[in-house]
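Biologist: I am new to this structure and would like to learn how to read a helix and a sheet in it. Could we go through them one at a time?

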Amino acid sequence: MKKNGLFVTFEGGEGAGKTTVIEAYYEKLIESGYHVIKTREPGGIDIAEQIRHIILTPQNTAMEGRTEALLYAAARRQHLVEKVIPALEQGGIVLCDRFIDSSLAYQGYARNIGIEEVLAINEFAIDQYMPDLTIYLDIEPQTGMRRIQKNNSREVNRLDMEKIEFHDQVREAYHKLLERFPERIHKVDANREIENVLDEVKQIISPALPNL
């Protein structure tokens, strides 16, 4: 498939501040006159939001790891073809909260399914439609979880209920992905104030922005 826009994904552990950073950067791009959409995974469109509810509802503690991985991939496929690809083909900028790297980190590594196994599932789902750039917001899991506990407006999902060791594994996985995809994934220290994080994000993405 041919795309003309810019596909930027944001990754990180729980409480890394992805949603906050995306919202702030989205507003900056809109003010600058860019055609841009912000979206999230799992979700972003109706079918994928329904799958999100199944995956993340706290009551579904019996969900097996491979089931979880397949559901994420299914939601990803629908979201991609229904929302992301059309926006890119129109020359737009897509800012997406999570994409394939989340599955590799959470299900592939932290759930011990295997990064290669989960990558194969997702290569089928995305049809080689990889992001142009990925911003990885790096944060200590304990810090991220404290942020979540202080944020009363944030939804509490099934992943928040995992032990801290699980989140340590997720962070370790992201660091492995940084080594595997150094040209695409850029690490940003998310322990800092939002203004500092946003400034670095802008510096990373700006050279890739299309000309107005």
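Modeller: Let us begin with helix packing, keeping in mind that this is a predicted model. The buried residues of H5 pack against three helices, namely H3 (65-89), H4 (100-110) and H7 (164-180).

Biologist: Which residues of H5 are buried, and why do they line one face of the helix?

Modeller: An α-helix has 3.6 residues a turn, so residues three or four places apart point the same way. In H5 the buried residues are Ile115, Val118, Leu119, Asn122, Ala125 and Ile126. Viewed down the axis of H5, these buried residues fall within an arc of 120 degrees, and therefore they line one face of the helix.

Biologist: What span should the 12 residues of H5 have, at 1.5 Å a residue?

Modeller: The expected span for H5, residues 115-126, is 16 Å, and this agrees with its end C-alpha atoms, which lie 16 Å apart. Just after H5 comes Asp127, whose phi is positive, at about 55 degrees.

Biologist: How should I read the sheet, and in what order do its strands lie?

Modeller: Strands of a sheet pair through backbone hydrogen bonds, either parallel or antiparallel. Here five strands form an open sheet with parallel pairing, in the order S2-S3-S1-S4-S5. Its edge strands, S2 (36-40) and S5 (185-189), each pair on one side only, and the twist from one strand to the next averages 20 degrees.

Biologist: Over how many bridges do S1 and S3 pair?

Modeller: S1 (residues 6-12) and S3 (residues 93-97) pair in the parallel sense over five bridges, and Leu95 in S3 is the bridge partner of Val8.

Terms used. Residues numbered from 1 in each chain as written. Predicted model: local features only at pLDDT ≥ 70, side-chain atom pairs only at ≥ 80, totals over all residues. Heavy atoms only, no water. Helix = DSSP H or I, 4+ residues; strand = E, 2+ residues; numbered from the N terminus. Expected span 1.5 Å × (residues − 1). Buried < 20%, exposed > 50% of the residue type's maximum accessible area, 1.4 Å probe, protein only. Arc of directions from axis to C-beta. Contact = heavy atoms within 4.5 Å. Pairing = 2+ DSSP bridges. Axes fitted to C-alpha atoms, helices over the stretch in contact; angles between N-to-C directions.
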